[in-house]
Amino acid sequence: MPDLYVFAVNHPLDITHTSLSRREGTVPDLPPLSDWLGGGDIDTDQIELFAVATLAEMPLATYLVEAFDVDEVALAEHRGRLANLEGHVLLVPEKAVASDPQPGADLTLIATLPMHAANNTVKPLPKADVTPKPAKPQERTKKPMSQARVSGMVATAALLFLFLFTALIVWIG
């Protein structure tokens with residue numbers, strides 16, 4: 001898992017450099033962060049530098065979990081130190097620096113916290129159960145009539161004929 005380095009800045013600043021300020025197009029004149037971190041290239045699009053007070057009511061520990069997906073179990077032992085931070089904080093993801101930071105007098109390392117890494121591994125999908133599709137319902141075919149049914153229909157027709165014939169004779173006669 002990649003780490004997030006949390007540093008306290010040891011002198012006052014009036015700079016804010018966060019993902020939000022970058023989206024808004026703000027480009028501050030950053031201090032010599034490479035010197036502060038012991039040399040090497042720094043991807044300033046990955047770091048954040050801001051006053052802890054700008055978080056208002058949100059604890060810094062909560063911000064680290066929400067913004068950097070820091071492991072909460074590892075964060076537990078550092079909550080007290082993070083809660084007592086004042087002034088500016090510098091958050092440096094491991095991928096933003098070429099080597100492990102070696103902070104000078106300008107920074108104090110507060111915590112090195114593991115971040116949850118995105119799981120981009122490709123795993124084959126399990127085989128799907130191959131079950132045949134249900135057959136379309138067949139149109140109902142008429143069953144051939146049974147002998148009893150045919151006999152019943154003939155008897156009913158004969159009775160109906162006799163009734164009508166009798167009614168006609170009574171009416172005529």
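Two strands are taken to pair if DSSP finds at least two bridges between them. In the predicted model described here, β1 and β4 satisfy this criterion with 7 bridges in the antiparallel sense. Within this pairing, Tyr 5 stands opposite Thr 112 of β4, and Phe 7 faces Leu 109, likewise in β4.

The pairing of β1 with β4 belongs to an open sheet of 4 strands, arranged in the order β2-β3-β1-β4 with antiparallel pairing. The edges of this sheet are formed by β2 and β4, each of which pairs on one side only, and the twist from one strand to the next averages 20°. Strands β1 and β3 run antiparallel and are joined by 5 bridges; among the residues involved, Phe 7 has Leu 90 of β3 as its bridge partner, while Leu 4 is matched with Pro 93 of β3. Phe 7 thus appears in both pairings of β1, with Leu 90 in β3 and with Leu 109 in β4. On the other side of β3, 4 bridges connect that strand to β2, again in the antiparallel sense, and Leu 90 serves there as the bridge partner of Leu 49.

The burial of the strands was examined next. Strand β3 is largely enclosed by the rest of the structure, because 6 of its 6 residues are buried. Both of its faces are covered, with His 88, Leu 90 and Val 92 buried on one side and Val 89, Leu 91 and Pro 93 buried on the other. Strand β1 is mostly covered, 6 of its 7 residues being buried.

Leu 49, which is located in strand β2, illustrates the surroundings of a single buried side chain. Its relative accessibility is 0%, and Leu 49 therefore counts as buried, the cut-off for this class being under 20% relative accessible area. Leu 49 and His 88 lie 39 residues apart in sequence, yet their C-alpha atoms are 6.8 Å apart in space. When residues up to four places away in sequence are not counted, Leu 49 touches Val 9, Leu 13, Ile 15, Thr 16, His 17, Thr 18, Leu 30 and Pro 31, as well as His 88, Val 89 and Leu 90.

Helix α3, comprising residues 60-68, lies across the sheet. The helix crosses β1, β2, β3 and β4, and runs at about 30° to β3. Its buried residues are Leu 60, Ala 61, Tyr 63, Leu 64, Val 65 and Phe 68, and these pack against the strands β1 (3-9), β2 (48-51), β3 (88-93) and β4 (107-114), and also against the helices α4 (72-75) and α5 (79-83). Just after α3, Asp 69 adopts a positive phi of about 55°.

A nonpolar patch is found on the surface. Leu 159, Phe 161, Leu 162, Phe 165 and Ile 169 make up this patch, and together they present about 540 Å² of accessible area. Phe 165 is placed in helix α6, which spans residues 147-172. Because its relative accessibility is 42%, Phe 165 counts as partly exposed, a class that lies between the buried limit of under 20% and the exposed limit of over 50%. Leu 49, with 0% relative accessibility, is by contrast assigned to the buried class.

Note on methods: Residues numbered from 1 in each chain as written. Predicted model: local features only at pLDDT ≥ 70, side-chain atom pairs only at ≥ 80, totals over all residues. Heavy atoms only, no water. Patch = residues over 30% accessible without salt bridge, like charges linked within 9 Å, V, L, I, M, F, W, Y side chains within 5 Å. Areas by Shrake-Rupley, 256 points an atom, 1.4 Å probe, with all protein chains shown as cover. Salt bridge = Lys/Arg side-chain N within 4 Å of Asp/Glu carboxyl O. Helix = DSSP H or I, 4+ residues; strand = E, 2+ residues; numbered from the N terminus. Buried < 20%, exposed > 50% of the residue type's maximum accessible area, 1.4 Å probe, protein only. Contact = heavy atoms within 4.5 Å. Axes fitted to C-alpha atoms, helices over the stretch in contact; angles between N-to-C directions.
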